[in-house]
Amino acid sequence: MTSFADIAPALERQAIELPSWAFGNSGTRFKVFGTPGTPRSPEEKIADAAKVHELTGLAPAVALHIPWDLVDDWAALRAYANGLGVELGTVNSNTFQDDEYKFGSLAHSDAAVRRKAIDHHLRCLEIMTATGSRDLKIWLADGTNYPGQDSLRARQDNLATSLQEIYAQLGDDQRLVLEYKFFEPAFYHTDVPDWGTSFAQVSALGPKAYTCLDTGHHAPGTNIEFIVMQLLRLGKLGSFDFNSRFYADDDLIVGAADPFQLFRILFEVINGGGLDVDSPVQFMLDQCHNVEDKIPGQIRSVLNVQEMTARALLVDRPALAAAQAAHDVLGANGVLMDAFYTDVRPALADWREGRGLPADPMKAYAESGHQEKLAAERVGGKQLSWSA
Ligand code: LRH
Ligand code: MN
């Protein structure tokens, strides 16, 4: 039987990047609600992310979104973040809000629009050099709404050419991760709709290009852990955007909608070496806290990932292999379910205390009065949201 002591080293390595935009106001097309204490600057977003890391030890870096997090002095922002004990992480490009991108960006039929989009990504690479970030994450809203609206083939070729130009400018220690999504905002076809298309495009680029898997970007009923296994097997899983959903790209707290799916995904991550010391996989949250407070929402999220990781690490793999070899169907499934039903929370609480962290970070945050302090301090100014 695998003990908690056996899994502690892997848990200590766990690091989950927090999305700066999760600390800003977000919502749906119906309404974006404000919240007292919401950040008014990238610095305040970083301070909120640092609070999550302070209480959990799980979130040593903050992912940025350009232009939402644009500043004049990147070195100063980096120093500010380091002063709070966190790094600046993945840089997310944004070619889905400018008017010119109505019919696409890197896949657009018009070379001038592709030029603008490519230049935006080259700008992101310059920012990464200043922030010390490794990953450029590209998610494209590119697609069409009606059959015949544009050439599916020509758009793929345009996309490939645009990505080649961006890839050619990557620094030695920089990577490009291409995120796929099966629909929205395009409702007939999306130019990077699935793992196969992302894999095809990044494989054509070279060894510094990978696929990003957002857990909310698959058609209902998709076996996401199978895709995780395959991308790890192919050596092209570069990063995760963790969240959960009941219906579409709901961007809810990871593990909230389907904790068992998160467990199955992390089980395949571990099997495929995704949690190993030299793993190329970057873990990140990509969520929106539309109605709940954002800092405790992020704390709950990283704890959900940690708890399901601990359960997936506790799977008795020798017993599982023996049952699988014997085609003991229920025996094999039983081994997995035993780990899933193992309540790791008491052991994790003790382990956190042993590392100088609060046993229950959610309780510690609620009792700290920090949320009330932010609401009192952050008065005036413009609360940030999904706009520059
Ligand atoms: C697109 C997406 C992408 C981000 C955005 C905030 O749905 O998942 O990763 O750029 O959300
Ligand atoms: Mn995402």
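Which residues surround ligand 1? In this predicted model, ligand 1 is surrounded by Trp21, His65, Lys137, Trp139, Glu179, Lys181, Asp214, His217, Asp241, Asp249, Asp286 and Trp386. Some of these residues make polar contacts with oxygen atoms of the ligand. A polar side-chain atom of His65 lies 2.8 Å from one oxygen atom of ligand 1. For Glu179, a side-chain N or O atom is 2.6 Å from an oxygen atom of ligand 1, and for Asp249 the corresponding distance is 3.1 Å.

Glu179 also belongs to the metal site. The manganese ion (ligand 2) has as its protein donors Glu179 (OE), Asp214 (OD), Asp241 (OD) and Asp286 (OD), at 2.1 to 2.2 Å. Six donor atoms surround the manganese ion, and because the angles they subtend run from 72 to 168 degrees, the arrangement is octahedral. Along the chain, the donor residues follow the spacing E-x34-D-x26-D-x44-D. Glu179 sits in strand β6 (residues 175–179) and Asp241 in strand β9 (residues 237–242), so this pair ties together parts that are 62 residues apart in sequence. Glu179 is buried, with a relative accessible area of 2%; Asp241 is buried as well, at 0%.

The nonpolar interior comes next. Nonpolar side chains in soluble globular proteins tend to be buried together. The largest nonpolar core here has 95 residues, and those touching the most other members are Leu106, Ile138, Leu176, Leu213, Val228, Phe240 and Phe242. Helix α9 (residues 294–313) gives the most to this core, with nine residues. Ile138, beyond its neighbours within four places in sequence, is in contact with residues including Leu106, Leu163, Ile166 and Leu176. Glu179, a manganese donor, is also among the contacts of Ile138.

How values were computed
Residues numbered from 1 in each chain as written. Chains lettered and ligands numbered in written order. Predicted model: local features only at pLDDT ≥ 70, side-chain atom pairs only at ≥ 80, totals over all residues. Heavy atoms only, no water. Donors = N, O, S within 2.8 Å, 3.2 Å for Na, K, Ca; no water. Tetrahedral: all angles 85-135°; square planar, octahedral: opposite > 155°, others 65-115°. Helix = DSSP H or I, 4+ residues; strand = E, 2+ residues; numbered from the N terminus. Buried < 20%, exposed > 50% of the residue type's maximum accessible area, 1.4 Å probe, protein only. Core = buried A, V, L, I, M, F, W, Y, C linked by side-chain atoms within 4.5 Å. Contact = heavy atoms within 4.5 Å. Near = heavy atom within 4 Å. Polar contact = N/O pair within 3.5 Å; in protein donor to acceptor, adjacent residues only side chain to side chain.
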